[in-house]
Amino acid sequence: DSLTVSTSTPVAKKTVTITATAATNLEYNGTKQNVYTALTVDGEKAPESGLEFTYTGTDKSGISYNSTTAPTNAGDYKLVISVKGDNPKYTGASSEIAFSIGQKALSIKAEDKTMYYSHLLPKLTVKYTGFVAGDDEHNALNQNNHTKYQAKTKADGKTVGDHPITLTGSATGTNYAITKSDGILTVLAKKLTNATETMPANPTDETAAIPPASVPDGTTLSNLSLVVSYVVTNEDKTALDTATDARDGFDKKINLEISLINTASGAPVQPKGEMTIFIPYPAGTNKNDNFALIHLLSSGITQEVIPTKLENGLLFKVTSLSPFALGWKKGTPPTVGGGTGGETTEETYYYIQATAGVGGYINTPERVRVKQGESAGFTIVPNKGYQIADVKVNGRSIGAKKYYVFTNIQSNQTIQATFKKGGHGNPLTGVSLDDAER
């Protein structure tokens, strides 16, 4: 017998033509995108199964890419589509299909800010607009060899108007085309509010002032601004703290700087004559509480001012503006209806502020503490060569009185005496001998 051996010739794989069109207008969105369209094999629409895809290229940060998965980062790439090598019948590959993924537009801006003259500068912030897919300035911007973005200004908040806020930083992002812009710090002036003694009829949370009878030299009412800041210098704070520590009865206090500003020049000015200021009640307080203002004068002397309590805030009069400390003690709300035996209520006290001008005095301490419902009398005494010009009680003139009694006191009070030269003043009568001889 003989052995017959037969052999077969391998069948050559058929080469197919693979084509596709690169997608255009691609932009980074943080996800894998379709980078081609119109895929055909030998002119027929073909499924992706049985084909393999090879992506090469470089992203915008210069990092090379070589993978069978489509890129997501912005960059310039090429795609080759080929028949899988294990296909027994077909072979073939497309030409390189070039495509690009563009960077997403990212705006980085120093945010605009607004503040009132002489207040604390607001926190300067940077706003990013355009991040996608969970990106932020921490994970999407390269800060290894660059500085992070910050907003800065040279403004000190003491000049009314617009001031530049500069955006600094140089961090870049592979997937973002960055546009940078600066911001504006607008320093506003609080205009004086025309009002009456019982202001405001429609209260707001803003501090306001009754315009002075005559404005400071070189200014007009339209360019005067009332500015309130709840921050004072360390030196002023020390002086105010010393004064308030010596004065018992405060549960709490705040320091504030009240200024009158000429907005035309940005310079502070002093009122010409008496000026009335309204400030809203501090948070957590109301008209049932007891208040006092410690006024730090330019001479370094402190003076206590008793404000008038309105429904929505405090009204007080001053002839100069400088730092203040506002202190308060919680009051006892009024009891409604009768109580049962054994109940007690906290006693309420009020203060009478007595001030005298040059040429005389009031024969009591400047500040008198009086129990609610009681009375207190004051004698006004001119010095030699002076006579009483006028006496005001709670801001209202009562004439050239030499004696005044407050009765049934139910709130803080003020008494103010002014004097004028008038020959030989008589301390017993308060009347000038020159006047008596006429």
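**Sheets, loops and a buried glutamine**

Three strands line up as an open sheet in the order E2-E3-E4, and their pairing is antiparallel. At its edges sit strand E2 (18–22) and E4, each of which pairs on one side only. The model described here is a predicted one. E2 and E3 run antiparallel and are joined by four bridges. For a concrete example, take threonine 19: its bridge partner in E3 is threonine 40.

Just past that pairing comes a residue with a slightly odd backbone. Aspartate 42 lies in the loop between strand E3 (36–41) and strand E4 (44–45). Aspartate 42 has a positive phi of about 50 degrees, although it is not a glycine. Most residues other than glycine have a negative phi. As for its surroundings, aspartate 42 has a relative accessible area of 36%, so it counts as partly exposed, given that this class runs between the 20% limit for buried and the 50% limit for exposed.

A second open sheet also has three strands, this time in the order E12-E10-E15, and here the pairing is mixed. E12 and strand E15 (176–181) are the edge strands; each has a single partner strand, so one side of each is left without a neighbour in the sheet. On average, neighbouring strands of this sheet are turned by 20 degrees against each other, direction ignored. Within the sheet, strand E10 (residues 104–110) pairs with E15 in the parallel sense, over six bridges. Leucine 106 shows how this works at the level of single residues, as its bridge partner in E15 is isoleucine 178.

Two loop residues can be picked up around E12. Threonine 125 is in the loop between strand E11 (113–116) and strand E12 (126–129). With a relative accessible area of 22%, threonine 125 is partly exposed, because the buried class stops at 20%. Setting aside neighbours within four places in sequence, threonine 125 is in contact with Lys109, Ala110, Glu111, Lys113 and Ala151. Two of these contacts have a polar side to them. The side chain of threonine 125 makes a polar contact of 2.6 Å with the side chain of glutamate 111. Another polar contact, of 3.1 Å, links the side chain of threonine 125 to that of lysine 113. The chain also brings in a residue from further along: threonine 125 and glutamine 150 are 25 residues apart in sequence, with 7.2 Å between their C-alpha atoms.

On the other side of E12 there is histidine 146, found in the loop between E12 and strand E13 (150–152). Histidine 146 is partly exposed, at a relative accessible area of 29%. Along the chain, histidine 146 and serine 170 are 24 residues apart, yet their C-alpha atoms are separated by 5.3 Å. Serine 170 is also on the contact list: not counting residues up to four places away in sequence, histidine 146 touches Ser170, Ala171 and Thr172.

Later in the chain, asparagine 383 takes its place in the loop between strand E30 (376–382) and strand E31 (386–393). Its relative accessibility is 32%, so asparagine 383 counts as partly exposed. Asparagine 383 and valine 358 are 25 residues apart along the chain, and their C-alpha atoms are separated by 9.0 Å.

Another asparagine brings back the backbone theme. Asparagine 408 is found in the loop between strand E33 (403–406) and E34. Asparagine 408 is not a glycine, but it has a positive phi of about 45 degrees. At 47% relative accessibility, asparagine 408 counts as partly exposed, because the exposed class starts only over 50%.

The strand that follows this loop gives a buried example. Glutamine 413 lies in strand E34 (residues 413–421). Its relative accessibility is 10%, so glutamine 413 counts as buried, the limit for that class being under 20%. What does glutamine 413 contact, leaving aside its neighbours within four places in sequence? The residues are Ile306, Tyr351, Ile352, Gln353, Asn394 and Phe406. With asparagine 394, there is a polar contact of 2.5 Å between the two side chains. Glutamine 413 and serine 411 are joined through their side chains as well, by a polar contact of 2.9 Å.

Terms used. Residues numbered from 1 in each chain as written. Predicted model: local features only at pLDDT ≥ 70, side-chain atom pairs only at ≥ 80, totals over all residues. Heavy atoms only, no water. Buried < 20%, exposed > 50% of the residue type's maximum accessible area, 1.4 Å probe, protein only. Contact = heavy atoms within 4.5 Å. Polar contact = N/O pair within 3.5 Å; in protein donor to acceptor, adjacent residues only side chain to side chain. Pairing = 2+ DSSP bridges. Axes fitted to C-alpha atoms, helices over the stretch in contact; angles between N-to-C directions.
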